[in-house]
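The questions below concern empty space inside a protein model and the packing of a pair of helices.

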Amino acid sequence: MCGIVAFTGATEALPFLLDGLKRLEYRGYDSAGVAVVHSEAQGGAPKAALKVVRRQGKVATLIEALSGTEVAGTCGIGHTRWATHGVPSEQNAHPHLDCSGRIAVAHNGIIENYTHLKDRLVEQGHCFTSQTDTEVIAHLVEQNYGETEGDLTEAVRVTVAQLSGSFALAILHAGHPDIVVVTRNDSPLVLGSFEDGAIAASDTPALIEKTRDIVYIRDRDLAVLHGDGRIEYFDPAGEPFVPNVYHVEWSLEQAEKGGYPDFMLKEISEQPRVIRDTIADRFDDRTRTLRFPELPLTDEELADIDRIYIVACGTSYHAGLIGKELIENWARIPVEVEVASEFRYGNPIISADTLVIAISQSGETADTLEAVRLARQAGAHVIALTNVVGSRITQEAQTVLNIKANIEIAVAATKSFLAQVTLLTLLGLYFAQERLLLTGPQIQEIFGEMRQLPGQIEHILADTAAIERAAKACCEATTALFIGRGVGATTCYEGALKLKEVSYLHAEAFSAGEIKHGPIALIDAAAGTPVVAVVTQSATRDKMLANIEEMKARGARVIAVATEGDGRIEKLADHVIYIPPTRECLSPITASVPLQLFARYIAVERGCDVDQPRNLAKSVTVE
Ligand code: G6P
């Protein structure tokens, strides 16, 4: 949802700004721009002025436009956009300027009261040049700058108090050539300093080359970055404060492709490591108990839980659906899984005995954050399950469980999904253990099988020829259906979403038993509609085989994900992708891997940008 970067230091700003924008491009990529303070000779004496370059399209287009242009200066801001107000165009690209052209603003978020503010500013004589909500901020700062007698920090503070909505802002003023003022509300912003300057950005990958000591500020706090590396922090009342500093464990190499053609393939390949890290130290073989030291709930509180809500969006929602089946099955607690945007406007039944698990890879999805707030207000205990240490959700929930996926850059989530499912599996087992519904030896047996999962995924990744063949056979299709039963069906929901996201091939997933009640009409014998069937070992495998027969009888091209050694499936399916045997409850973790690869291969065949699919953004910080 838009990425912003800011730099002030002893060296040129542009290389950092462009590198940062490339690293933030997963947040939005329909236009990009930079503004740098540089010196202009005006009537002899050099005077600081802003140099602004903006382009519609990706950061690469901006870089091309900048080559051969003189954009020198040691203080600047940059932006990569995911359009909300106004079409993607050069005119609507950030940074936006005030009337004087001396103030530049880069913004991530939505200013909800912008029409009201704009009307007033127009009455005061300000001229607008874009369709964006952001432009009001530049003009408001201009107005307040005049009223605060040229105190930029105070002008921004007063401006922030007038804004409602979500924003992360980086503000530059030609009259203050070595500072950038930044602030945020409900949108992410990270800051840091290094020997030669101070920097800020929407996300850590943009900073990591310069520093791994990161500061997060709270809503409406303000920070002033100085060229000598100092950062001053002020709360909304203007009082200075000293923030906490978080050390980032992962390195720059982990945010690079490392020889892979795209981040999606790299991240799929990292999944064995991710699962190893996620399960590490969770089980004590001596006492045969699962450990969740992060969970503050007493035995009594755990016993009293009468309902669990899982709230999430997108891929995280699908992880929640799998979590529901496992928790209900093992711990016998009713679980409702709700899309966060529905949960917050519904009327959820929450009491002090309700547990809410909010899942968010990024920890900054606006709808999920709102759902967390609503749940807390209603008195529920909220557990956040996230991949980003220090992210917004970790500040809002009472309990935080970190998945160990490390930074995920491809817009389509893969390794974070597997990590979420793995952690939810452990949580389901833990609840069952604490409620005395599973014994130590039973849990030990299941956990023992979980320890096999990384090796099993390595085995799948080692030979992907069958997946590639199946993908090649389907890449001309116009629609694809996915079917499964139980956790196999939920695995399919995610498989279909991956295919849609990266290849733009229309895909829908159904519970296999339901397909004959309508969706079967979509099967076109002449086109050989692809039907991807997850038919691993399970109590309903024979029913699945019967469903596959029904699909075949209507001319479907069946791609089966089946358990090694299942000879029967070969006679039924056009393509079989074999995966190692696991018990049914763990099968989403292995069966998801070929579905991720299937989606990626089709996307590559169709010439799609696998890492940055059209219209999407990795984290959605607006409603
Ligand atoms: C966006 C992304 C999806 C992601 C969803 C939820 O829509 O494109 O890939 O699953 O947000 O993100 P979260 O960070 O909350 O898991």
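Q: How many cavities of 30 Å³ or more does a search of the whole structure find?
A: The model is predicted, so local features need pLDDT of at least 70 and side-chain atom pairs pLDDT 80 or more, while totals for chains, interfaces and linings use all residues. Residues are numbered from 1 along each chain as its sequence is written, and side-chain values use heavy atoms, without hydrogens and water. A cavity is a set of points, on a 1 Å grid over the protein atoms alone, where a 1.4 Å probe fits but cannot get out. Of 30 Å³ or more, the search finds two cavities.

Q: What is the volume of the largest cavity?
A: Grid points are joined across faces, edges and corners, and a volume is the space filled by probe spheres set on the points. For the largest cavity this volume is about 70 Å³.

Q: Which strands each supply at least two residues of the lining of the second largest cavity?
A: Lining residues have an atom within 4 Å of a point; here they include His79, Arg81, His107 and Gly109. Strands are DSSP runs of E, at least two residues, numbered from the N terminus. The suppliers are strand 4 (75-81) and strand 6 (103-111).

Q: How are helix 1 and helix 2 oriented, roughly parallel or roughly antiparallel?
A: The axes, lines fitted to C-alpha atoms over the stretch in contact, give angles from 0 to 180 degrees between N-to-C directions. Those of helix 1 (residues 14-23) and helix 2 (residues 59-66) come within 10 Å and cross at roughly 160°. Angles over 145 degrees count as roughly antiparallel, so helix 1 is to helix 2 roughly antiparallel.

Note on methods: Helices (H or I, at least four residues) and strands (E, at least two) are DSSP runs, numbered from the N terminus. Angles under 35 degrees count as roughly parallel, over 145 as roughly antiparallel, 65 to 115 as roughly perpendicular and the rest as oblique. On a 1 Å grid over the protein atoms alone, a cavity is a set of points where a 1.4 Å probe fits but cannot get out, and a pocket is an open set with protein on both sides within 12 Å along at least five of seven lines; lining residues have an atom within 4 Å of a point.
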